[in-house]
Amino acid sequence: MKTPRLEMHYESESDFDSIYNFIAQTYPQEHLPEQNALREEHVFYLLLRKGMFGGLFGRWVARQKNNNAIIGLGILLPHLCTPEESGILHNSASTQRTFEAEIGWLVAQPYRKQGFGLEIGKFLCQYSFEKI
């Protein structure tokens with residue numbers, strides 16, 4: 001799937017080394033998780049993709065079209081809202097729990113303040129409204 005400047009795809013098993021290198025270049029060294037911890041996170045997102053929500057949730061890899069470099073990651077997560085949260089989100093006195101989609105993204109430092117975060121966020125919102 002594409003945006004004007006990015007190729008977006010769900011994270012796959014073969015993406016781990018590229019994602020680890022991206023995160024290693026993005027995070028300050030003192031906050032960089034160990035590679036094994038990131039592998040566990042990678043496995044979590046792969047399992048989430050294959051899980052009970054029909055492959056709608058998981059982590060997206062954002063690659064710049066002109067050089068194929070990973071410039072960011074996007075995340076779609078399911079969130080089970082409490083009745084109180086559901087009431088606030090739907091402006092009602094809800095007694096039901098609802099599922100909502102949580103959206104987030106990370107853009108590498110050299111690509112910030114160029115609209116890439118907005119581009120990833122718009123893509124995730126559009127995908128969510130069309131598919132979820």
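**Entry 1: a word to settle before I start.** I call a residue exposed when its relative accessible area is over 50%, buried when it is under 20%, and partly exposed in between. I tried this on lysine 50 right away: its relative accessible area is 60%, so I put it down as exposed. I also note that I'm looking at a predicted model.

**Entry 2: the overall layout.** I counted four helices and four strands in the chain. Reading from the N terminus, I get the order β-α-α-β-β-α-β-α. The C-alpha atoms fill a box of roughly 50 × 35 × 30 Å along the principal axes. Of the 132 residues, 38% count as buried. I looked up the surface too: the chain exposes about 8100 Å², and carbon and sulfur atoms supply 53% of that. Then I checked contacts between residues at least 6 apart in sequence, and 59% of these join residues at least 24 apart.

**Entry 3: the core.** Which residues touch the most other members of the largest nonpolar core? I found Leu6, Met8, Ile23, Trp60, Leu76 and Ile120, out of 29 residues in that core. Two or more residues come from each of strand 1 (6–10), helix 1 (16–26), helix 2 (35–50), strand 2 (58–64), strand 3 (70–80) and helix 4 (116–131). Helix 1 gives the largest share, six residues.

I picked Met8 for a closer look. Leaving out residues up to four places away in sequence, Met8 touches Met1, Thr3, Trp60, Val61, Ala62, Ile120 and Phe123.

**Entry 4: two helices.** In helix 1 I marked Phe16, Ile19, Tyr20, Phe22, Ile23, Ala24 and Thr26 as buried. These buried residues pack against helix 2, strand 2, strand 3 and strand 4. As a reminder to myself, an α-helix has 3.6 residues a turn, so residues three or four places apart point the same way.

Helix 4 has its own buried list: Phe116, Gly117, Glu119, Ile120, Gly121, Phe123, Leu124, Tyr127 and Ser128. Their cover includes strand 1, strand 2, strand 3 and strand 4. I also checked the length of helix 4. With 16 residues at 1.5 Å a residue, the expected span is 22 Å, and the end C-alpha atoms are 22 Å apart, which agrees.

**Entry 5: salt bridges.** How many salt bridges are there? I get six. I followed up some of them.

- Glutamate 11 pairs with arginine 59, and the closest N and O atoms are 2.6 Å apart. Glutamate 11 sits in the loop between strand 1 and helix 1 and arginine 59 in strand 2, so this bridge ties together parts that are 48 residues apart in sequence. Both glutamate 11 and arginine 59 are buried. I also see Glu11, Glu41 and Arg59 linked in a network of salt bridges.
- Lysine 50, my test case from the start, meets glutamate 13 at 3.6 Å, N to O. Lysine 50 belongs to helix 2 and glutamate 13 to the loop between strand 1 and helix 1, 37 residues apart. Glutamate 13 has 57% relative accessibility, so I count it as exposed.
- Aspartate 15 meets arginine 63 at 3.9 Å, N to O. Here the loop between strand 1 and helix 1 is linked to strand 2, 48 residues apart. Aspartate 15 is buried at a relative accessible area of 5%, and arginine 63 is buried at 15%.

**Entry 6: a polar residue in strand 2.** Is glutamine 64 buried or exposed? Glutamine 64 is buried, because its relative accessible area is 13%. I placed glutamine 64 in strand 2. Setting aside neighbours within four places in sequence, glutamine 64 is in contact with Arg5, Leu6, Ala69, Ile71, Tyr111 and Phe116.

**Entry 7: a nonpolar patch outside.** I found a nonpolar surface patch of about 350 Å², made by Met52, Leu80 and Phe99. Phe99 is in strand 4 (residues 99–107). With 49% relative accessibility, Phe99 counts as partly exposed.

**Entry 8: positive phi.** I jotted down two residues here. Asparagine 68 has phi near 65°, a positive value in a residue other than glycine. Asparagine 68 lies in the loop between strand 2 and strand 3, and its 47% relative accessibility makes it partly exposed. Lysine 113 has a positive phi of about 60° and is not a glycine either. Lysine 113 lies in the loop between strand 4 and helix 4, and at 88% relative accessibility it counts as exposed.

Note on methods:
Residues are numbered from 1 along each chain as its sequence is written. This is a predicted model: local features need pLDDT of at least 70, side-chain atom pairs count only at pLDDT 80 or more; totals for chains, interfaces and linings use all residues. Side-chain values use heavy atoms; hydrogens and water are left out. A nonpolar core is a set of buried Ala, Val, Leu, Ile, Met, Phe, Trp, Tyr and Cys residues joined through side-chain atoms within 4.5 Å. Buried means under 20% relative accessible area, exposed over 50%, partly exposed in between (1.4 Å probe, protein chains only). Contact means heavy atoms within 4.5 Å. Patches are made of residues with over 30% relative accessible area and no salt bridge: like charges are joined within 9 Å, nonpolar side chains (Val, Leu, Ile, Met, Phe, Trp, Tyr) within 5 Å. Accessible areas come from the Shrake-Rupley method with a 1.4 Å probe; for residues, only the protein chains shown count as cover. A salt bridge is a side-chain nitrogen of Lys or Arg within 4 Å of a carboxyl oxygen of Asp or Glu. The expected span of a helix is 1.5 Å times one less than its number of residues.
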